[in-house]
Amino acid sequence: MASWLAVQPSRTLRSVYKVKQPLNLWKQTVLCSAHTQTVQETSGKSFDEMPGPKGLPLLGTFLDYTKDLGEGVRSSQRMHEMQQQRVQQYGPIFREKIFGHQTVTISNPDDVEYLFRNEGKWPRRDPPFPLWEKYKEDRDQVRGVGFLNGEEWYRIRRILNMKMLRPKVAEGYAEPLNDVASDLVAQIKAIPGTDGIIPSLEDELFKWSLESVGTVLFETRFGSFSKSPSLEATNSQIIQIVFLFPAWIDKFYRFKSVQEFYDHMDIIHNFGDMCINKKMREIQGRLDKEDIQDEDAAEFLTFLISREDISFKEITSNLIELLFPAIETTSFTTLWTLYLLARNPDLQKQLHDEVTSVLKPGEHATPAALQKMPFLRGCVKETLRTSCS
Ligand code: HEM
């Protein structure tokens with residue numbers, strides 16, 4: 001899998017190209033990305049000599065991503081194939097420009113590793129998606145952890161880390177996550193006349209992922225599985241293509257997809273604000289009864305609201321910037337895992353044997369039970385190694 005990167009020249013890159021200018025980052029959501037920008041004067045070829053498709057004035061290579069491949073499939077949905085073609089044509093390192101976004105693609109895993117190892121203490125990524133930035137300015141909102149830089153990023157990330165990436169803390173999320181998993185299973189069982197085939201597994205996993213992440217971050221269910229899903233549940237999938245739009249176009253003409261992006265973002269932000277207000281009332285109610293909760297025991301949103309070093313505006317932005325990268329990564333990883341297991345029935349049986357040896361029929365998995373399932377962990381890790389999420 002290739003990675004889309006705005007880079008400090010990698011080991012290979014550095015020896016071959018002399019970087020004359022910092023590169024702008026275009027973060028492509030299907031593929032992984034990184035965020036380092038450092039200019040380094042080295043001997044070698046100039047950046048201008050780096051190979052890559054030429055593209056058109058202003059548009060760059062944008063049109064390559066809008067091609068109709070037939071049967072309702074667009075080339076932007078076949079990014080991995082486009083990447084492979086580009087690598088074959090231009091080599092393991094190439095550059096291209098989409099609108100104003102200069103990107104460098106590195107496809108050699110050693111180079112990607114080198115880049116990540118040299119990222120430095122804090123990320124520097126500039127600029128984020130221009131339309132996202134414009135939306136934030138238009139609505140007077142702040143950047144969240146996904147787009148912040150330097151020390152400001154660290155200030156927020158340090159707070160969020162207290163409730164993330166810590167196994168002990170994650171254990172506390174087991175119960176609500178099991179509830180969501182039960183809803184997914186019930187939903188799949190209820191799909192009529194399936195004959196064992198689930199026609200919309202991708203959609204179902206997307207809902208599961210949204211509900212799972214939503215219930216942890218917002219401490220509220222979105223209602224994706226209900227017969228009439230909430231507005232928020234149906235508006236959480238931002239049209240990805242708008243990320244490529246240069247913001248200046250919006251000054252002259254508002255495209256329908258841009259307006260939809262604004263509408264979706266407004267709905268999610270209002271939902272975030274509503275959750276905060278609701279939680280505030282709950283906390284106030286508890287304080288009135290002198291029912292003080294321990295910071296360690298507090299759930300995600302309650303914990304953030306209780307702190308004085310993060311504003312409400314920052315909380316909403318960060319919840320949203322955690323929500324979006326979480327949904328597709330989790331649902332695609334699960335989809336790929338299921339696909340790979342279906343392709344390897346012997347491994348599927350091995351996994352089934354492991355799970356049924358630990359859990360009784362109908363029993364929910366606990367963090368302790370998951371510890372006894374090393375093969376399950378191995379399956380997910382192998383999926384992440386071999387497939388793009
Ligand atoms: C299988 C699931 C996931 C995969 C494969 C994945 C992958 C990634 C990758 C590759 C990055 C970029 C890292 C970097 O450039 O240094 C990233 C960043 C990020 N991910 Fe995930 N992710 C997953 C799940 C999640 C979840 C569940 C959440 C939130 C609850 C999340 C939130 C974020 C955030 C906020 C960032 C930016 C972090 C920062 O800049 O401080 N991701 N993820």
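## An exposed glutamate in a loop

Let's start with a residue at the surface: Glu71 has just 5 other C-beta atoms within 10 Å, so it is exposed. Its place is in the loop between S5 and strand S6, residues 73–74. The backbone deserves a look as well, since Glu71 has a positive phi of about 50° although it is not a glycine. As background, most residues other than glycine have a negative phi.

Leu58 tells a similar story. This residue is not a glycine either, and its phi is positive, at about 65°. You will find Leu58 in the loop between strand S4 (45–46) and strand S5 (68–70). Leu58 counts as exposed because 11 C-beta neighbours lie inside 10 Å.

## The model as a whole

Please keep in mind that this is a predicted model. Averaged over the chain, pLDDT is 81, and 83% of the residues score at least 70. Residues 1–41 call for more care: pLDDT stays under 50 there, and the model has 120 contacts beyond four places in sequence for this stretch.

The chain has 389 residues, of which 25% are buried. Its secondary structure consists of 16 helices and 8 strands. Among the contacts with a separation of 6 or more, 69% join residues that are 24 or more positions apart.

## The S7–S8 hairpin

Strand S7 (residues 93–98) runs antiparallel to strand S8 (residues 101–106), and 6 bridges pair them. Two of the facing positions are easy to pick out: Lys97 has Gln102 of S8 as its bridge partner, while Arg95 stands opposite Val104 in S8.

The hairpin leaves 2 residues between its strands, and Phe99 takes a positive phi near 50° here. How many of the residues of S8 are buried? The count is 5 of 6, which leaves S8 mostly covered.

## Two residues of helix H8

Helix H8 spans residues 201–217 and includes Gly214. Is Gly214 buried or exposed? With 26 C-beta neighbours inside 10 Å, Gly214 counts as buried, because the cut-off for that class is 20 or more. Leaving out residues up to four places away in sequence, Gly214 touches Thr220, Arg221, Phe222 and Leu323. Ile320 is 106 residues from Gly214 along the chain, yet their C-alpha atoms are separated by 9.6 Å.

Glu202 is also found in helix H8. Here the verdict is exposed: Glu202 has 12 other C-beta atoms within 10 Å, and a residue with 12 or fewer falls in that class. Glu202 and Glu328 lie 126 residues apart in sequence, with 9.9 Å between their C-alpha atoms.

## Helix H16 and its partners

Helix H16 (residues 374–386) meets helix H14 (residues 345–358), their axes coming within 8 Å and crossing at roughly 140°. That angle makes H14 oblique to H16. On the H14 side the contact is made by Gln350, Leu351, Glu354 and Val355, and on the H16 side by Phe375, Leu376 and Cys379. Sorted by class, this contact of H14 with H16 has 5 nonpolar residues, 1 polar and 1 charged.

What is the orientation of H13 and H16 to each other? The axis of helix H13 (residues 312–343) comes within 9 Å of the axis of H16, and the two cross at roughly 105°. The helices H13 and H16 are therefore roughly perpendicular to each other. H13 brings Thr333, Trp336, Thr337, Leu340 and Leu341 to this meeting, and H16 brings Cys379, Val380, Thr383 and Leu384. The contact of H13 with H16 has 6 nonpolar and 3 polar residues, with no charged ones. Cys379 is named in the contact with H14 and again in the contact with H13.

How values were computed: Residues numbered from 1 in each chain as written. Predicted model: local features only at pLDDT ≥ 70, side-chain atom pairs only at ≥ 80, totals over all residues. Helix = DSSP H or I, 4+ residues; strand = E, 2+ residues; numbered from the N terminus. Contact = placed C-beta atoms within 7 Å. Pairing = 2+ DSSP bridges. Axes fitted to C-alpha atoms, helices over the stretch in contact; angles between N-to-C directions. Parallel < 35°, antiparallel > 145°, perpendicular 65-115°, else oblique. Nonpolar A, V, L, I, M, F, W, Y, C, P; charged D, E, K, R; others polar. pLDDT = per-residue confidence, 0-100.
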